[in-house]
Each structure stands twice: as C-alpha cells, then as structure tokens.
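Colleague: Could you zoom in on one spot for me and go through what sits around it? After that, carry on to the ring pairs and the pockets, please.

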Amino acid sequence: MAGETATVFGVGDVFLNVPDGRASLRPLTPLLETAEVVFGNCEGVYSDRPCLSPARRHFMGAPRERGGMLGEAPFQVMTCANNHTMDGGGIGLSDTIALLREQGIAVTGAGEDLADATSPATIEANGLRLAFLGFCSVFPVGHEARPDRPGIAPLRVRTIYQEPDRSFWEPGIDPLIATEALSGDLDGFRDSIAAARSSADFVVVACHWGYSSRLELLHDYELELARQAVACGADAVL
C-alpha cells in the first residue's frame with residue numbers, strides 16, 4: 001500500500017544453547033521490540049532426537065527447550081539456510097522447523113523438499129506483505145534439498161583455478177580464481193525471488209555465503225549474485 005512503512009531488523013546467525021536463553025537476549029529485547037519484523041538465521045538444530053549427519057563438520061545442536069524463547073526475543077521470521085541446519089538429519093530439521101512455527105515464527109530456507117525450502121516466508125506488517133527467502137552457498141555436500149528429499153535451499157558456487165598465463169611455464173605461481181554458480185541453483189534462486197516479488201510488496205533475501213576464515217573479504221560471486229537478486233525483484237539482500 002502506498003505510503004505504508006514497516007521497520008525490519010535483520011540479524012545474523014542465532015543459536016542459543018544455554019539454560020536461560022531469555023537472559024542472553026534480554027539486553028537486546030527493548031531494541032528488537034521497536035521493529036515490526038525481526039529476521040534472523042537459526043544456525044543450528046533444536047531436537048531431542050537428532051539423527052546425526054555423517055557429512056557434518058561438527059554437531060551444532062541443542063534440546064528443543066533451549067530454542068523455546070526465540071519467539072519472545074522477538075523473532076517473527078527465521079531462515080534455516082545454513083551449514084548446520086542438517087547436522088541432525090531430516091528429523092532434526094523437521095523438529096527445528098516445528099519448534100519455530102509453534103512460536104509463531106515463519107520459516108524459510110529449508111524444508112521437506114526443494115520446493116518447500118525455496119518457498120518464501122510471507123507475513124503481514126502495517127498493511128504490507130513482506131516476503132523473506134534464504135539460500136546457502138557454504139555447506140556440507142548432500143545437505144541440499146532435492147525434489148524428494150529434505151534439506152536447505154542451495155545456491156552452490158563452483159570454484160575454478162586457472163593458469164594465470166597459459167603462454168608461459170611458471171610452476172607454483174598463484175592461480176587465477178574464478179567462481180561460477182551452478183546453473184540449476186541459480187535458476188531456482190532467480191525463479192524463487194521473481195515468484196515472491198509477484199505476490200509481495202517487499203522481498204528480503206538472506207544468503208549464507210562467504211569464506212568463514214576470511215570474513216573481511218567480499219567475494220566477487222557475492223556481489224554478482226546479490227545484483228542478480230535485486231534484478232529479479234529483491235528489495236534487500238542480507
């Protein structure tokens with residue numbers, strides 16, 4: 001609606017695994033409560049029966065009760081598109097999503113299959129329809145959602161190492177490094193954003209990407225994919 005506004009706060013990775021998570025978040029609650037929508041990344045598994053993934057680097061998980069305060073924090077929307085969402089297997093994912101939804105938190109970025117994982121979380125705020133999407137580029141092989149398998153919304157990027165000068169033999173020289181998104185994931189990324197744009201007033205896309213040991217670097221593929229997201233209808237890329 002013309003003239004309407006809504007304040008959206010976006011935060012990064014969120015995973016509380018302490019007896020009193022409410023106390024951990026309490027200093028931030030007065031600030032978060034000034035926004036109509038608080039959007040974060042649920043960076044882990046909340047389940048009492050996880051089935052540990054053999055592809056995990058390590059298990060980022062906690063009992064369900066330790067995630068039971070996220071709705072009070074308050075979060076209204078969370079993405080589960082990250083490298084730890086599938087640490088507890090399909091069961092852990094299902095339990096995590098159920099826990100979030102039980103608290104009134106809309107979920108995107110992971111689901112029971114690829115269509116579910118790439119569907120937006122859509123909520124109303126101040127008369128506006130806001131759509132949120134989550135995608136992940138950094139995760140263990142096999143954790144991606146497929147047409148008939150649960151997982152995260154993938155945006156996989158292939159790394160290509162090339163000789164800097166093919167006309168000259170120079171062993172050990174640093175290679176040229178290029179990146180290229182997998183065509184199928186890129187198509188899904190664009191299509192999901194365009195579909196969300198068609199039914200929402202604003203679209204927010206959160207991407208779990210980068211290189212964890214060099215967070216200060218902004219990679220070329222991040223800029224390129226962010227620009228493509230905007231071209232397809234995203235109003236903000238986080």
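**A loop residue, then rings and pockets**

Modeller: Leaving out residues up to four places away in sequence, D48 touches P63, R64 and D95; bear in mind that this is a predicted model. One of those partners, R64, offers its backbone nitrogen, which the side chain of D48 reaches at 3.2 Å. As for location, D48 belongs to the loop that runs between β3 (45-46) and β4 (61-62). The C-alpha atom of D48 is 7.7 Å from that of A62, although 14 residues separate the two along the chain. Is D48 buried or exposed? Its relative accessible area is 56%, and anything over 50% counts as exposed, so D48 is exposed.

Now for another loop residue, S137, which is found between β9 and β10 (151-152). With a relative accessible area of 17%, S137 is buried, whereas D48 is exposed. A polar atom of the S137 side chain lies 2.7 Å from the backbone oxygen of L155. If you skip neighbours within four places in sequence, the contacts of S137 are L155, V157, H208, W209 and Y221. Hold on to W209 and Y221, as both come back below.

On to the rings. Searching the whole structure turns up four aromatic pairs. In one of them, F39 and F132, the ring centres are 4.8 Å apart and the planes sit at 55°, so this pair is tilted. F39 is in strand β2 (residues 37-42) and F132 in strand β9 (residues 128-136), so the pair links distant parts of the chain, 93 residues apart. Both partners are tucked away: F39 counts as buried at 2% relative accessibility, and F132 counts as buried at 0%.

W209 and Y221 also pair up, with ring centres 6.0 Å apart and planes at 85°, so here the arrangement is edge-to-face. W209 sits in the loop between β13 (202-208) and α6 (220-231), while Y221 is in helix α6, so the pair ties together parts 12 residues apart in sequence. Y221 is buried too, at 12% relative accessible area.

What lies nearest the centre of the largest pocket? That would be V138, W209, G210, Y211 and Y221, out of 44 lining residues. The volume of this pocket is about 1300 Å³. Its lining splits into 21 nonpolar, 17 polar and six charged residues. Elements that each supply at least two residues include β2, β9, β13 and α6, but β1 gives the most, with four.

The second largest pocket holds about 160 Å³ of space. Among the residues lining it are V8, G10, L130, V204 and D235, along with F132, the partner of F39 in the tilted pair. By class, this lining has 10 nonpolar residues, one polar and one charged. F132 therefore turns up twice, being buried at 0% and part of this lining.

Notes: Residues are numbered from 1 along each chain as its sequence is written. This is a predicted model: local features need pLDDT of at least 70, side-chain atom pairs count only at pLDDT 80 or more; totals for chains, interfaces and linings use all residues. Side-chain values use heavy atoms; hydrogens and water are left out. Rings of Phe, Tyr and Trp (its six-membered ring) pair if their centres lie within 6.5 Å; planes under 30 degrees apart count as stacked, over 60 as edge-to-face and the rest as tilted. Buried means under 20% relative accessible area, exposed over 50%, partly exposed in between (1.4 Å probe, protein chains only). On a 1 Å grid over the protein atoms alone, a cavity is a set of points where a 1.4 Å probe fits but cannot get out, and a pocket is an open set with protein on both sides within 12 Å along at least five of seven lines; lining residues have an atom within 4 Å of a point. Grid points are joined across faces, edges and corners, and a volume is the space filled by probe spheres set on the points. Ala, Val, Leu, Ile, Met, Phe, Trp, Tyr, Cys and Pro count as nonpolar, Asp, Glu, Lys and Arg as charged, and the others, Gly among them, as polar. A polar contact is a pair of N or O atoms within 3.5 Å; within protein, one must be able to donate a hydrogen and the other to accept it, and residues adjacent in sequence count only if both atoms are side-chain atoms. Contact means heavy atoms within 4.5 Å.
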